[in-house]
Amino acid sequence: MATKHHLRSLTRDEFLAEFKELGQPAYRADQVLDWVWKKRVDSIDGMTNLPAKLREALKEKFDFTLPIHTRTQGSVDTTRKFLFKLHDGRFVECVLIPASPALYGEKSDRLTLCVSSQVGCAFGCKFCASGLLGFTRNLSAAEITSQILLAEEIAGARVNNLVFMGMGEPLANWPNLSKAIELITSDWGIGIGARHLTISTSGLVPQIRKLADHPRQIRLAISLHGATDEVRSQIMPVNERWQVDELFEALRYWNSRKKQHLTLEYILIEGINDDLEQARILAKRAKGIRAKVNLIPYNKVEGLPWKRPSDSRCRQFRDILQSAGVSATLRLEKGHDIEAACGQLRLQEENKVGELS
Ligand code: SF4
């Protein structure tokens with residue numbers, strides 16, 4: 001039997017085609033879109049302006065199973081992490097981050113959600129808990145978008161800034177990611193502006209070029225963590241496949257296609273990549289592509305030996321970038337006390353399930 005399409009995975013054009021096949025007028029497709037994305041019902045029976053017969057036909061034709069919220073971890077700075085159970089018993093997580101008054105002012109209503117794109121991850125970046133369990137599967141576009149709807153429902157607020165920095169390498173899930181981008185940024189969908197959507201990647205060069213050609217003006221962040229191959233390869237196994245020069249060539253291509261500035265993420269790890277020579281090389285590279293740099297002192301991961309550098313070393317590193325004219329921020333990672341680095345809540349939950357079974 002063919003797999004049923006999920007109602008949260010179809011674009012408006014696909015909806016129109018499906019409804020045509022059902023012998024239904026276009027306005028019925030728009031009514032269903034409205035129930036799915038604006039009124040946000042959680043069952044087809046909740047779509048009360050549809051005739052009962054059509055609701056039965058929709059149940060036959062489409063899937064509408066939704067992830068279940070199983071756990072929330074909050075923290076003192078009000079960053080919250082949510083864990084959702086998927087239809088196959090797997091877990092996925094996302095993190096809701098309110099604006100820091102220090103960065104955005106007391107009155108900012110910026111609400112960021114960090115979403116996951118895969119269950120587990122195959123890329124094995126050495127600082128990341130997701131890499132410890134390996135890759136399980138891609139998330140569907142419905143599972144990606146459902147994280148946003150569920151987080152908004154729990155928080156009672158609208159997310160206005162979205163980052164793909166949770167579990168998984170989003171660019172390794174290209175078909176579902178590009179579909180999700182359309183569902184998230186369209187007016188008939190979730191309606192978050194493309195400029196408020198950031199895709200973070202470990203550096204998959206061919207997909208960076210593909211994303212550069214995508215018509216929406218989305219933002220891109222690169223998990224860099226080393227300015228030379230020697231240093232980066234110690235942290236990012238993906239660097240063996242696409243080395244730093246090749247990566248920056250793709251970023252120059254991105255620059256030629258998009259208006260938004262790029263962001264380079266750089267986790268500072270004591271004795272591994274916090275040498276000040278790395279800062280000088282990074283400054284040159286960042287200037288060449290007009291990128292801003294986010295410096296993040298390392299957040300300890302259970303089971304990994306690395307340490308966070310001293311605050312003064314972090315500041316020295318930042319100062320070198322800034323005096324070279326690069327926009328560089330040094331931030332204390334939000335959610336530090338709830339282990340907000342990607343994959344960690346899921347890791348705890350699966351260990352617990354493992355202990356119980
Ligand atoms: S940082 Fe991202 S790409 Fe790297 S292992 Fe973790 S989830 Fe995968």
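Good morning. I begin with one residue, Arg-257, whose place is in helix α10, residues 244-257. Please keep in mind throughout that this is a predicted model. Is Arg-257 buried or exposed? Arg-257 counts as exposed, because it has 12 C-beta neighbours inside 10 Å, and a residue is called exposed if that number is 12 or fewer. Setting aside its neighbours within four places in sequence, Arg-257 is in contact with Ala-212 and Asp-213. Ala-212 lies 45 residues from Arg-257 in sequence, yet the two are 5.9 Å apart in space, C-alpha to C-alpha.

Let us now turn to Ser-117. This residue is found in the loop between β6 (111-114) and β7 (118-120). Ser-117 is buried, because 27 other C-beta atoms lie within 10 Å, and 20 or more are enough for that label. Which residues does Ser-117 touch, not counting those up to four places away in sequence? They are Leu-139, Ile-144, Phe-164, Gly-168, Pro-170, Asn-173 and Leu-177. In addition, Ser-117 and Glu-169 stand 52 residues apart in sequence and 6.6 Å apart in space, C-alpha to C-alpha.

These two examples lead to the protein in general. Of the contacts with a separation of 6 or more, 67% are between residues 24 or more positions apart. The protein has 13 helices and 14 strands. Buried residues make up 40% of its 357 residues.

I come next to the interior. The largest nonpolar core has 86 residues, and those that touch the most other members are Leu-113, Tyr-266, Leu-268 and Val-293. This core draws at least three residues from each of domain 1 (5-63) and domain 2 (68-356). As an illustration, consider Leu-268. Beyond four places in sequence, the residues touched by Leu-268 include Leu-295, Ile-296, Pro-297 and Tyr-298, and also Cys-314 and Phe-317. Polar and charged partners, Asn-273 and Asp-274, are among them as well.

The model also contains a ligand. How many residues are around the ligand, and which come nearest? There are 13 residues around it, and Cys-121, Cys-125, Cys-128, Ser-130 and Gly-131 come nearest. By class, this shell has 6 nonpolar, 6 polar and 1 charged residues.

Two residues deserve a remark on backbone geometry. Arg-40 has a positive phi of about 55° although it is not a glycine. Arg-40 lies in the loop between α2 (26-38) and α3 (52-61). It is partly exposed, with 14 other C-beta atoms within 10 Å. His-225 likewise is not a glycine and has a positive phi, here about 65°. The loop that holds His-225 runs between β11 (219-223) and α9 (229-235). His-225 counts as buried, because it has 27 C-beta neighbours inside 10 Å.

Finally, I turn to confidence. The mean pLDDT of the protein is 89, and 89% of its residues reach 70 or more. Which elements have the lowest and the highest mean pLDDT? Helix α13, residues 344-356, has the lowest, at 44, whereas helix α11, residues 276-288, has the highest, at 98. Over residues 334-357 pLDDT stays under 50. For that stretch the model has 56 contacts beyond four places in sequence. Where pLDDT is low, the predicted coordinates should not be read in detail. Thank you for your attention.

Notes
Residues numbered from 1 in each chain as written. Predicted model: local features only at pLDDT ≥ 70, side-chain atom pairs only at ≥ 80, totals over all residues. Near = placed C-beta within 6 Å. Core = buried A, V, L, I, M, F, W, Y, C linked by C-beta atoms within 7 Å. Domains from an automatic or database assignment. Contact = placed C-beta atoms within 7 Å. pLDDT = per-residue confidence, 0-100. Helix = DSSP H or I, 4+ residues; strand = E, 2+ residues; numbered from the N terminus.
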